[in-house]
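This report introduces a protein structure to a reader who has not met it before. It proceeds from the whole chain to individual residues.

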Amino acid sequence: MVGLDEAKIYLKLESNEEDTLVSSFLETSTKLCLDILRKSLSEASANEGGLLRTAILYGVAYLYEHRELANHKELKETLFHLLLADRKDFF
């Protein structure tokens with residue numbers, strides 16, 4: 001959905017020194033967003049466009065900027081509010 005190069009552009013990183021770290025944050029952010037949506041990657045890719053990409057990039061940036069003191073509850077709440085309209089309901 002969001003690649004390493006796009007995440008690095010979003011973070012304004014020009015070197016490859018932190019590729020492993022950014023890839024890890026990208027994987028974590030994508031998983032968090034999919035969990036909030038209650039959808040698989042294929043379901044989300046087919047139906048969500050820019051909003052999911054924005055949420056994933058926001059998560060990557062948050063984790064990158066707050067890597068030592070990240071408030072994961074705050075991150076999840078923000079992602080939840082960003083993605084709420086597209087969240088799959090379970091009854």
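## Overall form

With 91 residues, the protein would have a radius of gyration near 12 Å if it were a compact globule, and its value of 13 Å agrees with this. The radius is taken over C-alpha atoms, and the globule rule is 2.2 Å times the number of residues to the power 0.38. The model is predicted: local features need pLDDT of at least 70 and side-chain atom pairs count only at pLDDT 80 or more, while totals for chains, interfaces and linings use all residues. Residues are numbered from 1 along each chain as its sequence is written, and side-chain values use heavy atoms, with hydrogens and water left out.

Along the principal axes, the C-alpha atoms fill a box of roughly 45 × 30 × 15 Å. The protein has 5 helices and 0 strands, and from the N terminus on its elements run α-α-α-α-α. Helices (H or I, at least four residues) and strands (E, at least two) are DSSP runs, numbered from the N terminus.

Of the 91 residues, 35% count as buried. Buried means under 20% relative accessible area, exposed over 50%, and partly exposed in between (1.4 Å probe, protein chains only). The protein exposes about 5,800 Å², of which carbon and sulfur atoms supply 52%; these areas come from the Shrake-Rupley method with a 1.4 Å probe.

Contacts, meaning heavy atoms within 4.5 Å, can also be sorted by distance along the chain. Among those between residues at least 6 apart in sequence, 66% join residues at least 24 apart.

There are 11 positive and 16 negative side chains, and the centres of the two sets lie 7 Å apart. Lys and Arg count as positive and Asp and Glu as negative, with His and the chain ends not counted. The place of a charge is taken as NZ of Lys, CZ of Arg, CG of Asp or CD of Glu.

## Residues in the loops

Two residues other than glycine have a positive phi, as the table shows.

| Residue | Phi | Loop | Relative accessible area |
|---|---|---|---|
| Lys 12 | near 60 degrees | between helix 1 (4–11) and helix 2 (19–37) | 72%, exposed |
| Arg 38 | about 60 degrees | between helix 2 and helix 3 (41–47) | 30%, partly exposed |

## Residues in the helices

Asp 19 is found in helix 2. Its side chain is joined to that of Lys 8 by a polar contact of 3.0 Å. A polar contact is a pair of N or O atoms within 3.5 Å; within protein, one must be able to donate a hydrogen and the other to accept it, and residues adjacent in sequence count only if both atoms are side-chain atoms. Leaving aside neighbours within four places in sequence, Asp 19 is in contact with Leu 4 and Lys 8.

Leu 32 also lies in helix 2. Leu 32 has a relative accessible area of 19% and is therefore buried. Not counting residues up to four places away in sequence, Leu 32 touches Leu 75, Lys 76 and Leu 79. Leu 32 and Leu 75 are 43 residues apart in sequence, and their C-alpha atoms are 9.4 Å apart in space.

Glu 77 has its place in helix 5 (residues 72–83). With a relative accessible area of 41%, Glu 77 is partly exposed. Glu 77 and Glu 6 are 71 residues apart in sequence and 24 Å apart in space, C-alpha to C-alpha.
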